[in-house]
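Trainee: I would like to learn how to read a structure feature by feature, beginning with a helix and going on to the contacts between side chains. Could we go through one together?

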Amino acid sequence: MPTPYQTPIGSFTRKSTFFWAAVGATVGLANLWQFPYLASKHGGGLFILLYLGCLLLVTLPLMVTEAAVGRYARHGVVLAMDGLIRSAKRSRAWMALGRLSILGAFLVLSFTAVFGAIALAYVFFGAMGRFSGAGQAEATEILAGLVSDPREFRVFMGWHAFFLAMVLWVSGQGVVGGLERAFRIVVPGTLVLLLALFGLAVGYGRIDGAISQMLEMHPQDLSWQSLSAALFHAFYTLGLGMGVWAVLGAYTTPDTQLKRSILAVVLMDTLVAILAGLMIFSMATESDMFAGQHGFGLLFVSLPLTLAELPASQFFIAAVFLLVVMIVWATALALLEPVVGWFREWIGAPRGLTVVLVGLAVWLAGLASLFSFNVWAEFQLGGATVFRWLELITGGVMIPLMAVLIAFFTGWCLTRNLSQTMVGSAPRLFSAIWFWVMRLVLPLVVAYIGVHYTAASLLNLCDNGGKAFWCEPAPGPVSREERETSQGAGGAKARELLPAEQGPSSELNEQQSTPENAPKDDDILYHSV
């Protein structure tokens, strides 16, 4: 049994809070703008089953491990690693794992807040009727005016500061008065709002077409690329490798059923993605309106245009983007916590001061991504803006590397007895599967994801006009189909987004639906949400 919590950073008071906080951390924008696209393209219900298999066999053991590390040590990931290194008498070089996890969470939070700012602005845009009677060009201009107009970047900064202040205000109230209360209200409220919007979409829309695209079995669309897409999506959408699960595990009450709660979180995340997909496809006025659409253009251009055709469209648009804000807000709270917890454990500062200092640093770092869409858009290295490089480095390198190192450390550097003590009692079959997945399967799979994602992302920079050395022709280039698979899998937050099928019509669609300098669909990773 882990020792009682002795650090000053806090803990939850109710065992169900871990579930709500974990759902808030895992449900992100990829549930809205990526999963529906993947399911409709890769076999419908068959892809969902394939995705669940990847979650249970690959992702679930890593989630359990990260949470168990935090609960066993009753510290954030940095001090938790310090204790395990001392217990196992391993090299102090392993401390880099915890510190890089905190850096990853910080960087991902910095640009997650930027997307939250756009969604927050869209709540007001929708309520004020700015999309009423708008066409494709007008909707694109609304997005461009907010995101990529160099003359209006201060307005964008205002929305960014507004969203981040909402996150910092909750975090500053403490673990119990702030985080626990917010997660227990915001996350259930998000689910209720999603169910209400789903009901309205069923009443006004085409649920039969949505079921056909999302849930019916289409074996002819299933391929090896479907397996890769399921693996990538399962990895990048659950907040792994950034210390989030470790700090949530540290905050759990002694009677929290950790493994059972994590399984429930995985199933809830999948259910939310299915409901979101059905809602989005139901709103389409034509059966193929959203075919091949995903990512930034789908959420901020095509979707509000479609909603504008419904009765009481101002209410619909405002409610949908309120749902988006609540989703990103909960994600941002979860990403902020490992950074705040680490800073408090490092210097012993009061929580209020820590939140202010960390929040100021996140705001400054977020400006680099924000300016990448407007005033810094012309300043590129290797064909990519600062935002794009931050996404690529965190999604393609840091997060997969942290996941591989965690799996390797727990599988090979700790004794089997210590590993199983840390994870807790479990059926023998689960323990055996967990042990060998952490030792062999997960390091290989995640290394493949990271390498393949990074290679595909670098090649995409060449497609966007990059002149870097890797853009030179080389033997055995990665095929477009392989690049689509890896991009579709990665954050992810994640993240990350499969580009639409190429051709004159798809290129025209992208130009019409995404403003110049705004992130393109294949620029956004799963973990960014």
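Trainee: How many of the 35 residues of α15 are buried?

Mentor: Please keep in mind throughout that this is a predicted model. Burial is judged from relative accessible area, and a residue counts as buried under 20%. By that criterion 29 of the 35 residues in α15 are buried, and the helix is therefore described as mostly covered.

Trainee: What span should helix α15 have, and how far apart are its end C-alpha atoms?

Mentor: The general idea is to count 1.5 Å a residue, and because the expected span is taken over one less than the number of residues, the last residue adds no further rise. For α15, which covers residues 313-347, this gives 51 Å, and the end C-alpha atoms are 50 Å apart, so the two values agree. The helix nevertheless has a kink of about 25° at E337, shortly before the proline P338. After α15 comes G348, with a positive phi near 70°.

Trainee: Which residues other than glycine have a positive phi?

Mentor: Two cases are R74, with a phi of about 55°, and K89, with a phi near 55°. R74 is placed in the loop between α4 (45-73) and α5 (77-88), while K89 belongs to the loop between α5 and α6 (95-127). Their surroundings can be read from accessibility: R74 is buried, at 7%, whereas K89 is exposed, at 72%.

Trainee: How is a pair of aromatic rings described?

Mentor: One gives the distance of the centres and the angle of the planes. Over the whole structure, a search finds 30 aromatic pairs. One of them joins F315 and F316, with 6.0 Å from centre to centre and 70° between the planes, and this pair is edge-to-face because the angle is over 60 degrees. F316 is buried, with a relative accessibility of 3%. A further edge-to-face pair is formed by F373 and F387, at 4.9 Å centre to centre and again with 70° between the planes.

Trainee: Where do F373 and F387 lie, and what does their pair tie together?

Mentor: F373 is in the loop between α16 (351-372) and α17 (386-413), and F387 is in helix α17, so their pair ties together parts that are 14 residues apart in sequence. Both of these phenylalanines are buried. They also belong to a cluster linked by ring pairs, whose members are W33, F111, F115, F373 and F387.

Trainee: Which arginines lie over the face of a ring?

Mentor: Here one looks at the position of the charged group relative to the ring centre and to the ring normal. R416 lies over the face of F435, at 4.0 Å from the ring centre. In another such case, R439 is over the face of W412, with 3.9 Å to the ring centre.

Trainee: How many disulfides does a search of the whole structure find?

Mentor: The search finds 0 disulfides. Among the cysteines, C54 is buried, with a relative accessible area of 6%, and C413 is likewise counted as buried, at 9%.

Trainee: Which residues are far apart along the chain but have C-alpha atoms a few ångströms apart in space?

Mentor: The approach is to set the separation in sequence beside the distance in space. A276 and N31 are 245 residues apart in sequence, and their C-alpha atoms are 6.8 Å apart. A276 is in helix α13, residues 258-283, and is buried at 0% relative accessible area. For S226 and H42, 184 residues apart along the chain, the C-alpha separation is 5.5 Å. S226 belongs to helix α11, residues 224-236, and is also buried, with 0% relative accessibility. One can add L179 and T17, which are 162 residues apart along the chain and have C-alpha atoms separated by 9.4 Å. L179 is located in helix α9, residues 175-204, and counts as buried at 2% relative accessibility.

Trainee: How many helices and strands are there in the protein, and what share of its residues is buried?

Mentor: The protein has 21 helices and 2 strands. Of its 529 residues, 63% are buried. The exposed area is about 19700 Å², and carbon and sulfur atoms supply 65% of it.

Key
Residues are numbered from 1 along each chain as its sequence is written. This is a predicted model: local features need pLDDT of at least 70, side-chain atom pairs count only at pLDDT 80 or more; totals for chains, interfaces and linings use all residues. Side-chain values use heavy atoms; hydrogens and water are left out. Rings of Phe, Tyr and Trp (its six-membered ring) pair if their centres lie within 6.5 Å; planes under 30 degrees apart count as stacked, over 60 as edge-to-face and the rest as tilted. Buried means under 20% relative accessible area, exposed over 50%, partly exposed in between (1.4 Å probe, protein chains only). Helices (H or I, at least four residues) and strands (E, at least two) are DSSP runs, numbered from the N terminus. A charge sits over a ring if NZ of Lys or CZ of Arg is within 6 Å of the ring centre and within 35 degrees of the ring normal. The bend at a residue is the angle between axes fitted to the seven residues ending there and the seven starting there. Accessible areas come from the Shrake-Rupley method with a 1.4 Å probe; for residues, only the protein chains shown count as cover. A disulfide is a pair of cysteine sulfur atoms within 2.5 Å.
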